[in-house]
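Visitor: Please take me through a close look at a single part of this structure, and then connect that part to whatever else deserves attention.

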Amino acid sequence: MAAAPSQRDEARSSSGSSTSSSVSEEAEWLDADQDGDDDDDQEALAVISLVDDRVFPDATSMLAYCRDEHGLDFVGVRDRLALDFHGTVKLINFIRQRVHEGIAVSGADITAADLDDDGYLKPVLDDDALILCLDDLPEPAGTAAAADAPHGDGVDGLLQKNAELQAQLEQLAKQFSSYRLAVQQTLDQRWEDAPAGTESKGKEAAKPAGEDAGVVAKDESEYYFESYAHNDIHEVMLKDAVRTDAYRDFIYQNKHLFAGKVVLDIGCGTGILSMFCARAGAKQVIAVDKSEIIDKARENIYSNGLGNVITTLKGRIEEVVLPVASVDIIVSEWMGYCLLYEAMLPSVIWARDRYLAADGLLVPSHASIWMAPVADASYVADNISFWRDVYGFDMAPMQRGIFADARPDVLPAAAVCDASDTARRAFRVLDLHTTTVADLVFAAPWHTTLNAATAPADVDGFLVWFDMFFAQSRHVPPDMIGPATTALDWVADPAKRDAGLVAFTTGPFGAPTHWRQGLLLLDDRNKKKLAKVDAAQKHIGGVIEYVTPDGHARGVNIKVSFGPDGKDDKQDQTWLLH
């Protein structure tokens, strides 16, 4: 049973039915020319310049511009190297890759050896219209001469010329078909060779229970990336002012950290964080996203005049090839419910170890996870007891499994029932510069003291939330961020604010965010066990575990043991966050 629907989940469900195709996202562009009416496709054709971001209505005018304004004679290079169809495709992608890397391209310097790498068969630019209209280009001199040679007089000559043109057309069709197959094989190989530890399973994805034998299941991560392809989810995140303001404020208040630096934005979405970094003075920003939203991010970036600073790459960070060997800063909004749901942090850790300079900075830099007991009789009445009297009908079956899932929801601060004079402590603190993937599956002790008005029998469950910290350096004093440090401590400290330090909480004591909190409601069995604990017993504790569930690598199972602090008679319950 899925977790209670969130705004992120709602955005997914509203349009998810249109994204259930089993065709891999990387291959969809190959069939774009088959969708819709030919006339509509022709009208929508936009050919992007080989040397900058200008757009032309056809390949001929674009190439004339490159030749006349920038001295790049594409057709001349093609003829000089006697390139066939595949070679011409490689030439296009070679030039585009060089331009992406900021390397000047001179047609006279390009050699056949530069195009030996079959990797240049994979388009650098998605839906590259230039590749799709190669047959519109002038024919090589030899071919044109042959076509213009005398064919005799009258009908026989016309028939001969027509047959030759038909043969050329068929050859082009075969070449294009071969090119499509070569690209698809390359993409399939990339799936199979994905680095160990990534979520990619490609054609080897495990088959969910109940599916017919022989039907290959789609990699669950594909659905994850598809869910971020639509506007709704990004609107929800952008309108979360707590989230977006924190990134903006840290970047703009610390422009000295970003000026002249190379920044990597992982999971760039609409490109908002990349554009913040570019506006803050970054020398180069590399924005990476596997989702189709990368196409809109690219448009956002160009329309805001930042295309000369920000490079967009489509794909998983583990699979794309960055145009640089290392980066100075990694910025990413990777957090999920209860912090670790969605399992995007392992990708950030991978990129940190692969690309971040020795003294580089992660933004944000630290995270902490918190838990407190809650008592909220009105919430239980509205969401649990409700089913026992629905317009006079008992719908008890609707309660079946209702306690099995973690519920993303916002509870009032008054529902938290630990003692106000008790120092609440985070059960997990992550320094993102040193955290490993192994650290994300753990068991940690916790304890608290109930307030004077609350007895163990009154506890309805537990509330989990996280705090995020944005430090200016990877070298943070131990007393600056620790188990007793809350994001609200930072927010309330004028010295930290004036110094450009930023933090935010997703907990019940701050403004609500789209992450909400994770509500873990106790089932009837455990409620009854707690009711037997002496009402005077205020100190309770146990162990909280985060475990990755079998068959759902992006989910989290949260297991909590609880009971009188210092005693062995603990009970436990597991909640699923899927």
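Guide: A82 is a good place to begin, because at 65% relative accessibility this residue counts as exposed. The model is a predicted one, and everything that follows should be read in that light. A82 sits in the loop between α4 (74–80) and α5 (85–100), and although it is not a glycine, its phi is positive, at about 50°.

The backbone of R516 invites the same kind of attention, since this residue is not a glycine either and has a positive phi of about 55°. R516 belongs to the loop between β13 (502–505) and β14 (517–521). With a relative accessible area of 16%, R516 is buried, because the cut-off for that class is under 20%, whereas A82, at 65%, counts as exposed.

A further backbone detail is found at P364, where the peptide bond coming from V363 is cis, with omega near 0°. P364 lies in the loop between β7 (356–363) and β8 (366–374).

From the backbone one can turn to the charged side chains, for which a search of the whole structure finds 15 salt bridges. One of these joins R352 and D353, with 2.9 Å from N to O; R352 counts as buried at 8% relative accessibility, while D353, at 56%, is exposed. The side chains of D418 and R424 also meet in a salt bridge, here with an N to O distance of 2.7 Å, and in this pair D418 is buried with a relative accessible area of 6%, whereas R424 is partly exposed at 26%. Salt bridges that share partners also link D245, R248 and D249 into one network. Another pair is D394 with R388, whose closest N and O atoms are 2.8 Å apart; D394 counts as partly exposed at 47% relative accessibility, and R388 likewise counts as partly exposed, at 45%.

On the surface, Y391, F393, M395 and M398 make a nonpolar patch of about 520 Å². Y391, one of its members, is placed in the loop between α16 (377–383) and β9 (407–409), and with a relative accessible area of 81% this tyrosine is exposed. A patch of another character, one of positive charge, is formed on the surface where R525, K528, K529 and K532 gather. Within that group, K529 is found in helix α19 (residues 524–531) and is partly exposed, its relative accessible area being 38%.

Another helical residue, N300, has its place in α14 (residues 293–303) and is partly exposed, with a relative accessible area of 28%. N300 and T270 stand 30 residues apart along the chain, yet their C-alpha atoms are separated by 7.2 Å.

The cysteines complete this tour. Taking a disulfide as a pair of cysteine sulfur atoms within 2.5 Å, the count in this model comes to zero. C66 is buried, with a relative accessible area of 0%, and C277 also counts as buried, at 0% relative accessibility.

Note on methods
Residues numbered from 1 in each chain as written. Predicted model: local features only at pLDDT ≥ 70, side-chain atom pairs only at ≥ 80, totals over all residues. Heavy atoms only, no water. Patch = residues over 30% accessible without salt bridge, like charges linked within 9 Å, V, L, I, M, F, W, Y side chains within 5 Å. Areas by Shrake-Rupley, 256 points an atom, 1.4 Å probe, with all protein chains shown as cover. Salt bridge = Lys/Arg side-chain N within 4 Å of Asp/Glu carboxyl O. Lys, Arg positive; Asp, Glu negative; His and termini not counted. Charge placed at Lys NZ, Arg CZ, Asp CG, Glu CD. Helix = DSSP H or I, 4+ residues; strand = E, 2+ residues; numbered from the N terminus. Buried < 20%, exposed > 50% of the residue type's maximum accessible area, 1.4 Å probe, protein only.
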